[in-house]
Amino acid sequence: LKTLPLLAVMLVVCFMDCLLKVLGTEAKLPVKVDKDSVVRLFGVSNALTALSGSPVGYMQLKFNVINAGILGNVLDRRGGMVYALLSAVTWFWSIEHF
């Protein structure tokens, strides 16, 4: 119970981080982001990871920009698919191959 105030601070920091990353993505890339749905999705995913005992996640603006630069557009989903595939490989098998 002593850590409940820290939990409140963490929630505020995660919310601010998410909102700032979304605003940064809009500033760097030619895309209009629905902030309400992104913050909701971010909160739900962080709640699910916290329930499984994992740390909360953070978006990385630099990876959004790099992905858009490599693929040449902001609508392509191949970068996310490759990331999910590599995550599944390291989850179900070993990382010795890398």
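These legends describe close-up views of a predicted model.

**View 1. The largest pocket and its centre.** This pocket has a volume of about 1,200 Å³. It is lined by 27 residues. Of these, M59, N64, N67, R77 and G80 are the closest to the pocket's centre. Four elements each give two or more residues to the lining: α1 (4-28), α2 (35-51), α3 (61-71) and α4 (78-92).

**View 2. What the largest pocket's lining is made of.** Which element gives the largest share of this lining? The answer is α2, with five residues. Sorted by class, the lining has 15 nonpolar residues. Another nine are polar, and three are charged.

**View 3. The second largest pocket.** Here the volume is about 150 Å³. The lining consists of M10, L11, C14, F15, C18, V39, F42, G43, N46, A47, A50 and V56. The elements that give two or more residues to this lining are α1 and α2. The most comes from α2, which supplies six residues. How many of the lining residues are charged? There are no charged residues in this lining; 10 are nonpolar and two are polar.

**View 4. Helix α1 from end to end.** Helix α1 has 25 residues. From its first C-alpha to its last, α1 reaches 36 Å. That is close to the 36 Å expected at 1.5 Å a residue. Several residues of α1 are buried: C14, D17, C18, V22, G24, T25 and E26. What covers them? The cover includes α2 and α3. Two of these buried residues, C14 and C18, also appear in the lining of the second largest pocket.

**View 5. A close look at E26.** This residue lies in helix α1. Is E26 buried or exposed? Its relative accessible area is 18%. Buried means under 20%, so E26 counts as buried. Now look at its contacts, leaving aside neighbours within four places in sequence. E26 is then in contact with V31, K32, V33 and K35. One of these partners, K35, belongs to α2, which spans 35-51.

**View 6. Helix α2 beside both pockets.** This view brings the two linings together. In the largest pocket, α2 gives five residues to the lining. In the second largest pocket, α2 gives six. Among the residues lining the second largest pocket are V39, F42, G43, N46, A47 and A50. Helix α2 is also part of what covers the buried residues of α1.

Note on methods: Residues are numbered from 1 along each chain as its sequence is written. This is a predicted model: local features need pLDDT of at least 70, side-chain atom pairs count only at pLDDT 80 or more; totals for chains, interfaces and linings use all residues. Side-chain values use heavy atoms; hydrogens and water are left out. On a 1 Å grid over the protein atoms alone, a cavity is a set of points where a 1.4 Å probe fits but cannot get out, and a pocket is an open set with protein on both sides within 12 Å along at least five of seven lines; lining residues have an atom within 4 Å of a point. Grid points are joined across faces, edges and corners, and a volume is the space filled by probe spheres set on the points. Ala, Val, Leu, Ile, Met, Phe, Trp, Tyr, Cys and Pro count as nonpolar, Asp, Glu, Lys and Arg as charged, and the others, Gly among them, as polar. Buried means under 20% relative accessible area, exposed over 50%, partly exposed in between (1.4 Å probe, protein chains only). Contact means heavy atoms within 4.5 Å. The expected span of a helix is 1.5 Å times one less than its number of residues.
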